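User: Hi! Could you walk me through this one with me? I'd like to go over the core, the cysteines and the pockets.

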Amino acid sequence: MKYVSDKLAAVGASASVEASQKAREMKAAGLNVASLSSGEPDFPTPAHIAEAGIAAIRDGMTTYTDVRGIPDLRKAIQRKFKRENNIEYDLDNIIAGPGAKSLIGTALSASVNPGDEIIIPAPAWVSYVDIAKLVGGAPVVIQAKAEFGLKLDAATLEAAITQRSRWLILNSPSNPTGSVYTRDELRALGDVLLRHPDILIMTDEIYEHLLFDGVKFVSFVEANPDLKERTLTLNGASKAYAMTGWRIGYAGGPAPLIKAMTKVAGQMVGPMCSISQAATVAALDGPNDYLSERAAAYQQRRDRVMELLLEVPGLNVQKPSGAFYLFVECGALLGSKTAAGKVLASDVDVTNWLLEEAMVVCVPGAAYGLSPYFRISIATSLAVLEDACARITKAVASLTKEAAA
Ligand code: PLP
């Protein structure tokens, strides 16, 4: 019996989800695992948000809602885009869904014909490529250059565009690199896109509130108002408000695209959790001084982990300006021999070896389309991070160089 479609067979499981699952299983088995694979804040959902969810249950807000979200939620999203991003959307430009991930699938399902090209600058979040494949699109992964801080530059974008290009997916602050695009960089990309009027832009801004060193966030449409009618601005409650389990994402975009997404969601997803919607209204409209406090805590961890990792021979890290990841370059470790006699040939080997040798869980760069790197999440306590860095340091010290043949 064949259970799996050819299309699905070509799709990988999410590497970060798998790594986190492996860490959970090892912990459950009583092992002392340092898990640096998590893509979610280690802070709780703020109390006023949780209380709004509890009040919604008490008030009997437990029925199906509009597929796009209750009017109060879409109005709160509308206010957020205006207040924080200087973008004016009408209510028919706004849709919410059960997580930003679901909205990416909904948007691509609604707009991609078989073989349409979806340009994805790597390193990129693990799911873009596979969602593109799942909807029958053709992901075109292009390499962002180290000299541009692993961000996409105008010339590289221009060179990737073909007659079949349908979407460009951008992500700032980036998972996995933590790079943040400046207004000028976004404008330079916008100038290229203005010359190619058939391309849609998806700008994933879910890490917007996780910024370091006083860096200011600029939304793609804010930098490129002329491209508003071609851009889907994607965001969500997960990372900013520590609401990963509540499952709310949202987007602003051209009304015909939102209408098409509503049709897909109406058939395949249905409305998101009513209680989570009420909680997200409180998150968007409520006090948010905790955002800068939490960003400061991540920044402190970033600084400490960078300090520790840069002392490890063979590792290199570009300083992230946002999100909660470090993308560690590990090319100098390749060719080394482990204590067990294995030669490390790739970043997948490095992360497998770190798991076995040091019980540290991280995700290989290969999953993000750039090797040899591995991603460390700093969404965990300083104590765990320091312990993990000590284990990595010890493991690297145990490597021996293969004698040249
Ligand atoms: N976009 C990026 C870049 C992410 O890293 C994630 C989660 O890891 C998501 C979107 C999905 O977030 P959610 O589906 O929880 O809204």
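User: Leaving aside neighbours within four places in sequence, which residues is I376 in contact with?

Analyst: Happy to help, and keep in mind that this is a predicted model. Leaving out neighbours within four places in sequence, I376 is in contact with L36, L309, F324, Y325, L326, V328, C362 and I392.

User: And which residues touch the most other members of the largest nonpolar core?

Analyst: Those are L309 and I376, in a core of 77 residues. Helix α14, residues 382-397, gives the largest share of this core, with 6 residues. There is also a second, separate core of 24 residues, and A76, Y89, I94 and M272 are among its members.

User: Let's switch to L333. Where is L333 placed?

Analyst: L333 sits in the loop between β10 (325-329) and β11 (336-337).

User: Is L333 buried or exposed there?

Analyst: Buried: its relative accessible area is 4%, and the cut-off for buried is under 20%. Not counting residues up to four places away in sequence, L333 touches P313, G314, L315, L344, V350, W353, V396 and L399. As for L315, its C-alpha is 7.7 Å from that of L333, although the two are 18 residues apart in sequence.

User: Cysteines next. How many disulfides does a search of the whole structure find?

Analyst: The search finds 0 disulfides. Take C330: the nearest cysteine sulfur, that of C362, is 8.9 Å away, and C330 is in no disulfide. The cut-off for a disulfide is sulfur atoms within 2.5 Å.

User: Which are buried or partly exposed, C330 and C273?

Analyst: C330 counts as buried because its relative accessibility is 0%. C273 counts as partly exposed, at 36% relative accessibility.

User: Okay, pockets. What volume does the largest pocket have?

Analyst: About 830 Å³. It is lined by 40 residues, with S20, S38, G39, E40 and K239 closest to its centre. The largest share of that lining, 6 residues, comes from α2.

User: How does the lining of the largest pocket split by class?

Analyst: There are 15 nonpolar, 15 polar and 10 charged residues in it.

User: And the second largest pocket, what is its volume?

Analyst: That pocket has a volume of about 310 Å³. Its lining has 17 residues, and E208, H209, L211, V215 and F217 lie nearest its centre. Helix α12 (289-309) is one of the elements that supply at least two lining residues, and its 5 residues are the largest share. By class, the lining has 6 nonpolar, 6 polar and 5 charged residues.

Definitions and conventions
Residues are numbered from 1 along each chain as its sequence is written. This is a predicted model: local features need pLDDT of at least 70, side-chain atom pairs count only at pLDDT 80 or more; totals for chains, interfaces and linings use all residues. Side-chain values use heavy atoms; hydrogens and water are left out. A nonpolar core is a set of buried Ala, Val, Leu, Ile, Met, Phe, Trp, Tyr and Cys residues joined through side-chain atoms within 4.5 Å. Buried means under 20% relative accessible area, exposed over 50%, partly exposed in between (1.4 Å probe, protein chains only). Helices (H or I, at least four residues) and strands (E, at least two) are DSSP runs, numbered from the N terminus. Contact means heavy atoms within 4.5 Å. On a 1 Å grid over the protein atoms alone, a cavity is a set of points where a 1.4 Å probe fits but cannot get out, and a pocket is an open set with protein on both sides within 12 Å along at least five of seven lines; lining residues have an atom within 4 Å of a point. Grid points are joined across faces, edges and corners, and a volume is the space filled by probe spheres set on the points. Ala, Val, Leu, Ile, Met, Phe, Trp, Tyr, Cys and Pro count as nonpolar, Asp, Glu, Lys and Arg as charged, and the others, Gly among them, as polar.
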